[in-house]
Amino acid sequence: MTTVVILLSFCILSCGTYVVWPSRWNVPAHLQVGFALVAYVIPSLLTDTLVSFPRDLVEMLALIMAMGAVSYLAGLVGGAQLPRLRITNLRFAFTRMSDADYSRFVARRVTPLVALAVVGMAGSFAIMGFVPLFARNPLMAKFLRGAYQQSYRTVAIPFRTSYFTIVTLWPILFILWYRTRRLSHLLLLAISWAAIAVTLTRGPMGAGFLLAVGLIAASKGRGTTIGYVLFVLGSYVLGSLALGLLLDNQGLTSLYANGFVNRITSGAPDLPDALNFLGAFLSHPSFTYGRTFIGGLVPYHYRWNPMVWSLQVLTGMDSIENIVSGGLRLPVPLMGYTAFGYPGVITVSFFSGLFMGYGTRFAQRYVRGGSLVRAAVAISLYNTVVSQMSVFYWLQLYNVPAIALTLFMAYPVKLWMRQRPRRPVGSTPMLAQSGVRSPI
């Protein structure tokens, strides 16, 4: 029973938007199905992950996750029912332009930005003096730890800005290429994908490709979407398996020795990470009182950055410079619990669901049907602005460029300024009518 509660709770937190947006256009939820398979379903049902931990620890995780999942679901449904609030009079560009005009509008912005980001990545690699894929220690270089950290810090801002520019705009560029079949778009896609691939961060680019393909599949009908979901499941299994082999550093030998299922689990260790973290936290309990919610807005290894803090709690070490990890992916109920105890589980999970439910209604309105370019920009708004609102307990400074870029694609900046009324041709300026000479 405990296994079912944990599995169901994790799946609700991952794929719960299906409840308020049961549509083939809900591509982010389709992607989460693939993630849930490798991170939760396989580890809990096909491995001895839960059995290997103390029973009381597993039961406590089940209680925290169940409380959080119910609260999140309540917030999700409630948020979807909230009335739409209009904060400003600004209108999205895709609501005031024809599909053809909007596609040209987006192309004029995406293409130079991605090209500039590629140059920024290349320049950063040159200054750092290494490329993670070809480094002597690829894993340390991937996470920019150890000997690689100091040289990275000199280019941290341009490197991260360029990185997130490519990751954010790549799906939109892919849709533009799909619509136009321009060779220039295809070449830029390939070069920018390579720039991210050599960093060894498989998730962002894999998700970007799957996101774009998911929108195309949704536009073709329900049958194509079913095939797409199966493709997503296979992609996540292979991706997790590949990372598990890479981390083990023994290649296929490890696959045969440890088993196919265990290698998949090691590539997405969210469930054991949650249990190990909870056990470490309970051994030295110290509530954060929300400091980790905003700690990610401080650059470098600030102690309350949730990525840094989670590793410090797990390892018991103050310095994480030599730890080969980018941090733990902790679910919202655990973040709420470590901040305020059981009241935090309920409140933080509820508001996370509330924001996500409210934002999902936005995506439901603008993503479905119509232009694929419009759908790509709308889904990017959903994945950046809405997702960060929902994950308010895990604010990250590096998400700012992604949000700014997506808003830049959604709004025609030149229309933000009030236009001065034009004077009819042949009319006399008020200055001349008053008899005052113009200084010009």
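## A walk through an all-helix model

Sorted by class, the residues lining the second largest pocket are 16 nonpolar, three polar and four charged. That pocket is a good place to start exploring this structure, which is a predicted model. Its volume is about 920 Å³, and 23 residues form the lining. If you want to find its centre on the screen, look for Leu85, Phe92, Tyr358, Phe362 and Tyr411, the lining residues that lie nearest to that point.

Which helix gives the most to this lining? The answer is helix 18, with seven residues. Helix 18 spans residues 342–366, and helix 19, spanning 372–390, also supplies at least two residues of the lining.

Now step back and take in the whole protein chain. Its secondary structure comes to 21 helices and zero strands. The chain has 440 residues, and 49% of them are buried. Take the contacts between residues at least 6 apart in sequence: 74% of these join residues that are at least 24 apart. On the outside, the accessible surface comes to about 21,500 Å², and carbon and sulfur atoms account for 64% of that area.

Next, let us visit two loops. Between helix 9 (183–197) and helix 10 (202–220) you will find Leu200. Leu200 is not a glycine, yet its phi is positive, at about 70 degrees. Is Leu200 buried or exposed? With a relative accessibility of 18%, Leu200 counts as buried.

Tyr289 sits in another loop, the one between helix 14 (270–283) and helix 15 (291–295). Tyr289 also has a positive phi without being a glycine, here of about 55 degrees. Its relative accessibility is 57%, so Tyr289 counts as exposed.

Finally, have a look at the cysteines. A disulfide is a covalent bond between the sulfur atoms of two cysteines. How many disulfides does the structure hold? The count is zero. Cys11 is in no disulfide, and the nearest cysteine sulfur, that of Cys15, is 5.9 Å away. Cys15 is likewise in no disulfide, with the sulfur of Cys11 as its nearest cysteine sulfur at 5.9 Å. Why does this pair not count? A disulfide needs the two sulfur atoms to be within 2.5 Å, and the sulfurs of Cys11 and Cys15 are 5.9 Å apart. As for their surroundings, Cys11 is partly exposed, with a relative accessible area of 21%, whereas Cys15 counts as buried at 12% relative accessibility.

Methods
Residues are numbered from 1 along each chain as its sequence is written. This is a predicted model: local features need pLDDT of at least 70, side-chain atom pairs count only at pLDDT 80 or more; totals for chains, interfaces and linings use all residues. Side-chain values use heavy atoms; hydrogens and water are left out. Buried means under 20% relative accessible area, exposed over 50%, partly exposed in between (1.4 Å probe, protein chains only). Helices (H or I, at least four residues) and strands (E, at least two) are DSSP runs, numbered from the N terminus. Contact means heavy atoms within 4.5 Å. Accessible areas come from the Shrake-Rupley method with a 1.4 Å probe; for residues, only the protein chains shown count as cover. On a 1 Å grid over the protein atoms alone, a cavity is a set of points where a 1.4 Å probe fits but cannot get out, and a pocket is an open set with protein on both sides within 12 Å along at least five of seven lines; lining residues have an atom within 4 Å of a point. Grid points are joined across faces, edges and corners, and a volume is the space filled by probe spheres set on the points. Ala, Val, Leu, Ile, Met, Phe, Trp, Tyr, Cys and Pro count as nonpolar, Asp, Glu, Lys and Arg as charged, and the others, Gly among them, as polar.
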